[in-house]
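Welcome, and please take a moment to turn the model around before reading on. The report below walks through one helix and its surroundings, then widens to the whole chain.

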Amino acid sequence: MKQKISPKTADVVALCESIATCGKRSLDGTESMLFKELARIGQVFANDLEQVLSFAREQRLVQFHGDSLVRGKDDHVLIRLARRNREIQHYYQDTGHLLPNNSGVTSG
């Protein structure tokens with residue numbers, strides 16, 4: 001039985017899905033999107049986009065340069081998924097939790 005899912009967790013999963021479906025995939029399979037593009041579609045989140053990005057980074061699911069992002073100022077910062085979206089989505093569907101990522105990925 002799945003536990004109650006926090007809006008923050010659901011927003012991180014939606015963020016990863018948005019990056020994968022609306023962003024670009026590099027030759028090595030890394031899925032990414034510019035912050036300004038993400039901000040355009042980021043109105044679907046229950047929480048503020050910057051809060052969702054911060055939480056996703058704490059969970060080591062996204063990478064970006066800088067401590068935090070500000071609309072207008074950081075529009076050209078690239079947001080990258082640290083894990084494949086497919087893995088994130090499958091784990092979330094099976095468990096109701098975010099995919100653990102202990103790979104030691106640095107974010108900045």
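The buried residues of α3 have a cover that includes α1, α2, β3 (62–63) and β4 (78–81). This is a predicted model, so please read what follows with that in mind. Within α3, the buried residues are Leu49, Val52, Leu53, Phe55, Ala56 and Arg57. A general point about helices helps here: with 3.6 residues a turn in an α-helix, residues three or four places apart point the same way.

**How α1 meets α3**

At what angle do the axes of α1 and helix α3 cross? Helix α3 spans residues 49–58, and its axis comes within 9 Å of the axis of α1, the two crossing at roughly 90°. Angles of 65 to 115 degrees count as roughly perpendicular, and α1 and α3 are therefore roughly perpendicular to each other. On the α1 side, the contact is made by Lys8, Thr9, Asp11, Val12 and Leu15, while α3 brings Leu49, Val52, Leu53, Phe55 and Ala56. Sorted by character, the residues of this contact comprise 7 nonpolar, 1 polar and 2 charged.

Thr9 is a good residue to pick out in this region. Thr9 sits in helix α1, which covers residues 7–22. With a relative accessible area of 12%, Thr9 falls under the 20% limit and so counts as buried. Leaving aside residues up to four places away in sequence, Thr9 touches Phe55, Tyr92, Gly96 and Leu98. Phe55 is also one of the buried residues of α3.

**At the two ends of α3**

Asp48 lies in the loop between α2 (35–41) and α3. Asp48 and Lys8 are 40 residues apart in sequence, yet their C-alpha atoms are 9.7 Å apart in space. Lys8, for its part, belongs to the α1 side of the contact with α3. Just after α3, Arg60 adopts a positive phi of about 60°.

**Helix α4 and the cysteines**

Is Asn85 buried or exposed? Asn85 is found in helix α4, residues 85–95, and its relative accessibility of 7% makes it buried. Not counting residues up to four places away in sequence, Asn85 touches Cys16, Glu17, Ala20 and Glu31. Cys16, one of these partners, is buried as well, at a relative accessible area of 0%. Cys22 counts as partly exposed, at 46% relative accessibility. How many disulfides are there? The count comes to 0, the rule being that two cysteine sulfur atoms must lie within 2.5 Å.

For easy reference, here are the accessibility values of the residues discussed so far.

| Residue | Relative accessible area | Class |
|---|---|---|
| Cys16 | 0% | buried |
| Asn85 | 7% | buried |
| Thr9 | 12% | buried |
| Asp48 | 39% | partly exposed |
| Cys22 | 46% | partly exposed |

**The chain as a whole**

Stepping back, the protein chain has 4 helices and 4 strands. Read from the N terminus, these elements follow the order α-β-β-α-α-β-β-α. The chain has 108 residues, and 37% of them count as buried. Its accessible surface comes to about 6,500 Å², with 48% of that belonging to carbon and sulfur atoms. Finally, among contacts between residues at least 6 apart in sequence, 60% join residues at least 24 apart. The pairing of Thr9 with Phe55 is one contact to look at in the viewer.

Note on methods: Residues numbered from 1 in each chain as written. Predicted model: local features only at pLDDT ≥ 70, side-chain atom pairs only at ≥ 80, totals over all residues. Heavy atoms only, no water. Buried < 20%, exposed > 50% of the residue type's maximum accessible area, 1.4 Å probe, protein only. Contact = heavy atoms within 4.5 Å. Axes fitted to C-alpha atoms, helices over the stretch in contact; angles between N-to-C directions. Parallel < 35°, antiparallel > 145°, perpendicular 65-115°, else oblique. Nonpolar A, V, L, I, M, F, W, Y, C, P; charged D, E, K, R; others polar. Areas by Shrake-Rupley, 256 points an atom, 1.4 Å probe, with all protein chains shown as cover.
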